[in-house]
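Let's walk through this model together, starting from a single covalent link and working outwards to the sheet, the charged pairs and the chain as a whole. Keep the 3D view open as you read.

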Amino acid sequence: MTRTLRRTRGIRLTLTGALLAGLTLLTTAGPALADDPSTSASPSGDEAGPTEAGTTFRTATALKQGQSGTAQASAGDYLYWVFPADAGQRPTVEATVKLPESAARRGTSTWQVDVYDGLRRRQACMYGHQTRKAAADAATVELSCVLRPVRAWSEPWANDPLPGSYYIRLTVVDLPAADLGLPVDVEVRTGIKELGGGHDGGGALAEPLVPGVSVASAGGGNERASGAPRTLATGEPEDGWASGWWTERWLWTVGGGVLAALAAVFGYSLTRGRGRPAHVPPGV
């Protein structure tokens, strides 16, 4: 009788410890991956960025994730940059415009930064200062745009951010005619925040929304067949695009199944009773 009680108590303690360990793993795995500084830091953060900007979508200057770029331009120009963003990431764009001396300006100006996806659809900002007015005596103007999380796939009618290239367009939208053409210095910065499995989806695009990605994919197949080293396509993250089928939700699914099995065994051990009493002979 004593041995049976001890054995039952040991099984209960073991199952309780396993349940607590599993719950701890599930509750800490997601935040740990999402808040890990190493997942948000860009490997190219210390690399010198480009010193010019494009003037159209086709000539946009490429930026890596987390990289900054500078340019010297004239007030009234349209300036373009492009950077990649993958599923499960939340891009941030910041821009600083250094204005001419106040003595050379005639009035206030309004500057705006817009972000477009690979289909050239304008993406709305979750928050930030997308449009700002600069006073006649202001030295600089700061702009920012935090995009919505990038989804792995979306319905055709939706305007959700999708994996691929993202274009930054910076320009002045309101300016006295006498101030057109004045020199300005511009700096743009891109940031990526990894959001973790909470924003993973069950679908995937056939290809990311990057110009020329189909040609690059065909070339990649020839490289693999010939054994040549893989080249990084223009506008692709350094660690490649997400595969589309593997997400952190697999961990949650497997973990939930294990916890369910442990709970079933634990419940059975509680309800099955203590067995035959010691004073009852066998066969009765």
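There is 1 disulfide in the structure, a disulfide being a pair of cysteine sulfur atoms within 2.5 Å. Its two ends are Cys125 and Cys145, with an S to S distance of 1.9 Å. These two cysteines sit 20 residues apart and tie together distant parts of the chain, Cys125 lying in strand S6 (residues 125-127) and Cys145 in strand S8 (residues 140-147). Is the disulfide left-handed or right-handed? The torsion about the S-S bond of Cys125 and Cys145 is about -100°, so the disulfide is left-handed.

Before going further, a word on what you're looking at. This is a predicted model, in which local features need pLDDT of at least 70 and side-chain atom pairs count only at pLDDT 80 or more, while totals for chains, interfaces and linings use all residues. Residues are numbered from 1 along each chain as its sequence is written, and side-chain values use heavy atoms, with hydrogens and water left out.

Back to the two cysteines, and how much of each one shows. Buried here means under 20% relative accessible area, exposed means over 50%, and partly exposed is in between (1.4 Å probe, protein chains only). Cys125 has 22% relative accessibility and so counts as partly exposed, whereas Cys145, at 0%, counts as buried.

Now for the strands. Helices (H or I, at least four residues) and strands (E, at least two) are DSSP runs, numbered from the N terminus. The protein chain has 4 helices and 10 strands, and from the N terminus on they run α-α-β-β-β-β-β-β-β-β-β-β-α-α. Strands pair if DSSP finds at least two bridges between them. An open sheet of 5 strands follows the order S1-S3-S9-S5-S7, and its pairing is mixed. At the edges stand S1 (61-62) and S7 (131-134), each with a single partner strand, so one side of each is left without a neighbour in the sheet.

Let's cross that sheet from S1. S1 and S3 run parallel and are joined by 2 bridges; Ala62 has Val82 as its bridge partner in S3. From S3 to S9 there are 7 bridges, and these strands run antiparallel, with Ala85 standing opposite Gly164 in S9. Next, S5 (residues 109-116) pairs with S9 (residues 164-174) in the antiparallel sense over 7 bridges. Within that pairing, Val113 has Leu170 as its bridge partner in S9.

S3 (residues 79-85) is worth a pause: 7 of its 7 residues are buried, so the strand is largely enclosed by the rest of the structure. In a regular strand the side chains alternate between the two faces of the sheet. In S3, Leu79, Trp81, Phe83 and Ala85 point one way, while Tyr80, Val82 and Pro84 point the other, and all are buried.

The charged side chains give another set of links. The structure holds 8 salt bridges, each defined as a side-chain nitrogen of Lys or Arg within 4 Å of a carboxyl oxygen of Asp or Glu. Asp114 takes part in a salt bridge with Arg122, where the closest N and O atoms are 3.0 Å apart. Asp114 counts as buried because its relative accessibility is 2%, while Arg122 is partly exposed at 40%. Asp114 also forms a salt bridge with Arg169, the closest N and O atoms being 3.4 Å apart. That second pair links distant parts of the chain, from Asp114 in S5 to Arg169 in S9, 55 residues apart.

Elsewhere, Arg151 and Asp160 meet through their side chains in a salt bridge (3.0 Å, N to O). Of these, Arg151 is partly exposed at 37% and Asp160 is buried at 16%. Glu94, Glu142, Glu187 and Arg189 are linked in a network of salt bridges.

Finally, confidence. pLDDT is the predictor's confidence in each residue, from 0 to 100. The protein chain averages 78, and 69% of the residues score at least 70. Over residues 1-6 the pLDDT is below 50, and this stretch has 3 contacts (heavy atoms within 4.5 Å) beyond near neighbours in sequence. Residues 223-233 also stay under 50, with 8 contacts beyond four places in sequence. Where pLDDT is low, the predicted coordinates should not be read in detail.
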